[in-house]
Amino acid sequence: MFQRLRLQRAARRYADHDWPVVPGARLSGGRFDCDQIGCPTVTCHPAVPDWEREALLDPDRIADWWQRAGYGVLLATGHTFDVLEVAGPVGRRLAGEVRGPVAVAPPHRWMFLMRGGTDLLPPLTGNSAVVLHRAGSWIPAPPTPLPTGAVRWVTSPCSLDWEPADPATVQRTAARLLRAAMRWPDHKSRQVWHVNRTARRAPAE
Ligand SMILES: [Zn+2]
């Protein structure tokens, strides 16, 4: 009950700042259940198939959804912002260097909200630790529960007047840190981290 209200309040707050929210499948017993009979997806995913059309700003519709159940709160990307997702220790370091809202899906998916409309810089393309979420994709937003813990803000948007970061700065810094990581003793930053199926269907740059 309390959890459902927290999720509803967060969804409402994002929408108040023109961030379209999408109800996500509910976490239950270590897997995610949506409302689709026979849905094979057990990882975090939208609760509705036509999720992009369902992306919500309307407070009444948000109230309806989250009165029904404790849906996750997903943010549709490519509207008010894009998201650069960087896995592993490079993501953690990047979070300390850039100015902009940053969320983390524990333990090691770091999500950087930045102004939209830029392509991935060449040094970042083809790097399995990096995903650019644009139109057609989404991210799980705080406080959505995952089996590994709740998504949380590292740098909250309200501390920055809800302004996404400068995309060129985020990407250049990410590229520099990824280059430096090649010299680190363990190459964990190069781990493959697949969880967001929708992102994998988004156009690859
Ligand atoms: Zn499903």
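## Zinc site and two sheets

Let's start with His45, which is buried, its relative accessible area being just 8%. Keep in mind that this is a predicted model.

What does the zinc ion bind? Its donors are Cys34 through SG, Cys39 through SG and His45 through NE2, at 2.0 to 2.1 Å. Along the chain, these donor residues follow the spacing C-x4-C-x5-H. Here is how exposed the donors are, with Cys158 listed as well for reference.

| Residue | Relative accessible area | Class |
|---|---|---|
| Cys34 | 13% | buried |
| Cys39 | 22% | partly exposed |
| His45 | 8% | buried |
| Cys158 | 41% | partly exposed |

The cut-off for buried is under 20%, so Cys39, at 22%, counts as partly exposed, while Cys34 at 13% counts as buried. If you're wondering about disulfides, a search of the whole structure turns up zero.

**The three-strand sheet**

Now for the sheets. One is an open sheet of three strands in the order 1-4-9, paired antiparallel. Its edges are strand 1 (21-24) and strand 9, each of which pairs on one side only. On average, neighbouring strands here are turned by 35° against each other, ignoring direction. Strand 4, covering residues 72-76, is joined to strand 9 by three bridges in the antiparallel sense. Within that pairing, Leu74 sits opposite Pro140 of strand 9.

Which helices pack on this sheet? Helix 1 (residues 2-16) does, touching strand 1 and strand 4, and its direction makes about 15° with that of strand 4. Helix 3 (residues 59-68) packs on the sheet too, also touching strand 1 and strand 4, with its direction at about 15° to that of strand 1.

**The five-strand sheet**

There is also an open sheet of five strands, in the order 8-5-7-6-12, with antiparallel pairing. Strand 8 and strand 12 (152-155) are at the edges with a single partner strand each, so each has one side without a neighbour in the sheet. From one strand to the next, the twist averages 25°.

Is strand 5 buried or exposed? Six of the six residues in strand 5 (residues 82-87) are buried, so the strand is largely enclosed by the rest of the structure. As a rule, side chains in a regular strand alternate between the two faces of the sheet. In strand 5, Asp82, Leu84 and Val86 point one way, with Val83, Glu85 and Ala87 pointing the other way, and all are buried.

Strand 5 has pairings to look at with strand 7 and strand 8. Six bridges tie strand 5 to strand 7 (residues 109-114), running antiparallel, and one partnership there is Glu85 with Met111. Strand 5 and strand 8 also run antiparallel, joined by four bridges; here Val83 has His133 as its bridge partner. Helix 5 (residues 167-181) lies across strand 5, strand 7 and strand 8, at about 150° to strand 7.

**A contact at Ser137**

His133 comes up again away from the backbone pairing: its side chain makes a polar contact of 2.7 Å with the side chain of Ser137. Where does Ser137 sit? You'll find Ser137 in the loop between strand 8 (130-133) and strand 9 (138-140). Despite that loop position, Ser137 is buried, with a relative accessible area of 0%.

Conventions: Residues numbered from 1 in each chain as written. Predicted model: local features only at pLDDT ≥ 70, side-chain atom pairs only at ≥ 80, totals over all residues. Heavy atoms only, no water. Disulfide = S-S within 2.5 Å. Buried < 20%, exposed > 50% of the residue type's maximum accessible area, 1.4 Å probe, protein only. Helix = DSSP H or I, 4+ residues; strand = E, 2+ residues; numbered from the N terminus. Polar contact = N/O pair within 3.5 Å; in protein donor to acceptor, adjacent residues only side chain to side chain. Donors = N, O, S within 2.8 Å, 3.2 Å for Na, K, Ca; no water. Pairing = 2+ DSSP bridges. Axes fitted to C-alpha atoms, helices over the stretch in contact; angles between N-to-C directions. Contact = heavy atoms within 4.5 Å.
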